[in-house]
Every structure is written in structure tokens, then in C-alpha cells.
Amino acid sequence: MIRISSLIAASALALPTLVHAYTLKDDYTGNNYQDFFNKFSFWTGPDPTEGLVDYVNLDSAWDNGLIGNGGNIYLGVDHTNKVGNEGRKSVRLTGNIAYNPGILLVADITHMPDVCGTWPAFWMTAASDDWPQSGEIDIIEQANNAQNNQMSLHVSNKQGQCIISTDASMTATQDRWGDCAQEATGGCDANDPRTNSFGSGFNNNGGGVYAAEWTSEWVRIWFFPRNEIPGGDTGPLGSAPDPATWGTPTTSFQSRYGTDCDMSSHIRNQRVIIDTTFCGAWASGSWRSSGCAAKTGYDTCESYVKNVPGDFASAFWTFKLLKVFH
């Protein structure tokens, strides 16, 4: 389903503007945040990214002070205890509702992890064992003390080709681009050049709003810093958000020619996921290049995560709003 803000006749006569704004489907942060955790499942298995993390269940998360809903949603990590090979305690939440094309996800986030050794992500994928055949949309993801958000799309060539346009209008810098099949390129991704889009720069600016629109032809992601959020009913925080009024998206994974990637077949049954893991392929792999080895004085990500619990007091998410429209 494609949202179109205006239709203009092919003839010289212009028709009146027809607004087809989104309407609210699911409000994860409604009811004064009291129902938030009931709308998610807590992952307690091994970390698929091989991080040094111990994902805990709902009761353990409450008992260890890793979650909270007393004015904004808090998702933190253990920042009190030294740990061993079992990993540092954290949470990975998977939404109970599966979505398909024709949705707009909006998140107002006031804080995210910004510490060396962390690999936080806010993303969507299917609750299935055939990854990436049902696709994955990474809205926020980076590692260590990065300042620039990376947005990604992962699909499988088992559903056919998925070629996205190199000419799509967007403000982020294209990285891996063109063929988004995991088997071919590892997926597609783009990097936001703004240093307030992730980590401490994001937090020091009061956070901001991320919005992702997913249709059969594209996945578009917008980031609005706190002082640049469009207002009114059609803004991302409004009652009838209309992305057509928001300007150029940060990233646009858009089918080349509108026919070379059917987002309906490549991306299916997506659930909202929020997590913070430690080290793993990304944070460990970029430990030295990120400057974290020099900054922390530890040669490896793992030794730092195990031995300096107090530094992870700021490795937390706070969500002011999380809604899905259709």
C-alpha cells in the first residue's frame, strides 16, 4: 500500500489535493506507559550476534533495575557488577505484533546507549528462523562511541532480486547500495552525516524522532533532531502524520524503476525490536578504529565490558513515544 499525499491528473486540469494521512494502529507507549512491556517478549537465548551479553527475562529485568516505565520507557543494562564469560545483563525486546507493508513507525527517543563496548539497535525483523528471507529493517544501529547512525536493509535473493535506486532522494550517504541481498552484498546501508543522529551527540541534543515508512515500493527513514521536528497534525508526532509533508528522507531504500524490488515479498511479518548487546562482531571489530582502545586503556572490548561496570550507567534507552500507523 502506497500513501500518496496528492494526485494530479495527467491532463492540464489539476484536481484538488487529496490527503491520505496515516491513522493510529498501535500505541506502545499509551496508558501512561503502563502496558509497554506486555506488548513485547523478552529474548533469553544466546545472542545471534555473538555478543558478550546475558539477555534476561521480564522478572529478572525488573529485579535488576534494567527496565522502568515511570515517565518514559527505560531500557538499561547492568552497571554494577563485574562479569565473566556469561556476559553483562541486558534486555532484548521483540514486539508481539507482526507488520506488513503499509505502515509508518514513529519513535520519540530521548536517550540511547553511547558507551564504548555497546552495540545498540532499534530495528525490525520477523520472528522466524529463515533470516534474512523475511527481511530486516535497521532504523538505528551503530557500535561503540559512534556519532553517526547507520540505517540498513537486509533481504534474501531467494525471494528474487532486490535492486534499489542509486538516484533516490535522500540526505544520508549511500554505503553498500544497489543489490540488497544478504548473499550478494551483506545488505544495503546508509550513514547519516549528522553527528547528533547517534550516541552522545544525540543525547546531548535531547534526542529526537525517528520515523520509518514501509510500503510495497520503498522503506524510507527520517530522523528529526529535537529542535527540528515538524509540528501539527501531519507531523511525525501528530494525530494524522503525512510523510509527504516532511521533506527529503534521511534514507530511501526505494525500488529501482518501481519494479526491481517488491518490498512485500522481501520484507514480511516484521516485529519491533530494541536491544543493547556488547562487543560481538561490530563493537569488537571496530574497537581500535573507533578509538575505544585508546580511550578506555583496554586492549579488547571484552576485557573492558567485563571489568568496568560503572561506565555502562549511560548505556540505556529512554522512549517517550512509540507508535505504529497504517
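Start by selecting residues 26–278. Over this stretch the chain is 8% helix and 33% strand. Its end C-alpha atoms lie 30 Å apart. The model is a predicted one. UniProt, in an unreviewed entry, places the feature "domain: GH16" at residues 26–278.

**Stop 1: strand E8**

Now select residues 103–111, which form strand E8. Is E8 mostly buried or exposed? Of its 9 residues, 8 are buried, so E8 is largely enclosed by the rest of the structure.

Add strand E14, residues 208–214. E8 and E14 pair in the antiparallel sense, over 7 bridges. For a landmark on this pairing, show Ile103: Trp214 in E14 stands opposite.

Next, add strand E18, residues 317–325. E18 also pairs with E8, antiparallel and over 7 bridges. Which residue of E18 stands opposite Asp108? Pick Leu321 to see that partner.

**Stop 2: the cavity**

Keep Trp317 on screen. This residue helps to line the largest cavity. Select the other lining residues too: Leu75, Gly76, Ser90, Val91, Ile274, Asp275 and Thr276. The count comes to 1 cavity of 30 Å³ or more. The volume of the largest cavity is about 40 Å³.

Which strand gives the largest share of the lining? Color residues 270–278. This is strand E17, and 3 lining residues come from it. By class, the lining has 4 nonpolar, 3 polar and 1 charged residues.

**Stop 3: unusual backbone**

Here is the background for this stop. Most residues other than glycine have a negative phi, and most peptide bonds are trans.

Go to Asn32, in the loop between strand E1 (24–27) and strand E2 (40–42). Asn32 is not a glycine, yet its phi is positive, about 55 degrees. Turn on the surface here. Asn32 is exposed, with a relative accessible area of 57%, because over 50% counts as exposed.

Move on to Asn72. Look in the loop between strand E4 (67–68) and strand E5 (73–75). Asn72 is another residue other than glycine with a positive phi, near 70 degrees.

Finish at Pro132. Find it in the loop between strand E9 (118–126) and strand E10 (136–141). Show Trp131 as well, and look at the bond that joins the two residues. What is the form of the peptide bond from Trp131 to Pro132? That bond is cis, with omega near 5 degrees.

Terms used
Residues are numbered from 1 along each chain as its sequence is written. This is a predicted model: local features need pLDDT of at least 70, side-chain atom pairs count only at pLDDT 80 or more; totals for chains, interfaces and linings use all residues. Side-chain values use heavy atoms; hydrogens and water are left out. On a 1 Å grid over the protein atoms alone, a cavity is a set of points where a 1.4 Å probe fits but cannot get out, and a pocket is an open set with protein on both sides within 12 Å along at least five of seven lines; lining residues have an atom within 4 Å of a point. Grid points are joined across faces, edges and corners, and a volume is the space filled by probe spheres set on the points. Helices (H or I, at least four residues) and strands (E, at least two) are DSSP runs, numbered from the N terminus. Ala, Val, Leu, Ile, Met, Phe, Trp, Tyr, Cys and Pro count as nonpolar, Asp, Glu, Lys and Arg as charged, and the others, Gly among them, as polar. Buried means under 20% relative accessible area, exposed over 50%, partly exposed in between (1.4 Å probe, protein chains only). UniProt positions are given in the numbering used here, feature names are shortened, and annotations may be inferred rather than shown by experiment. Two strands pair if DSSP finds at least two bridges between them.
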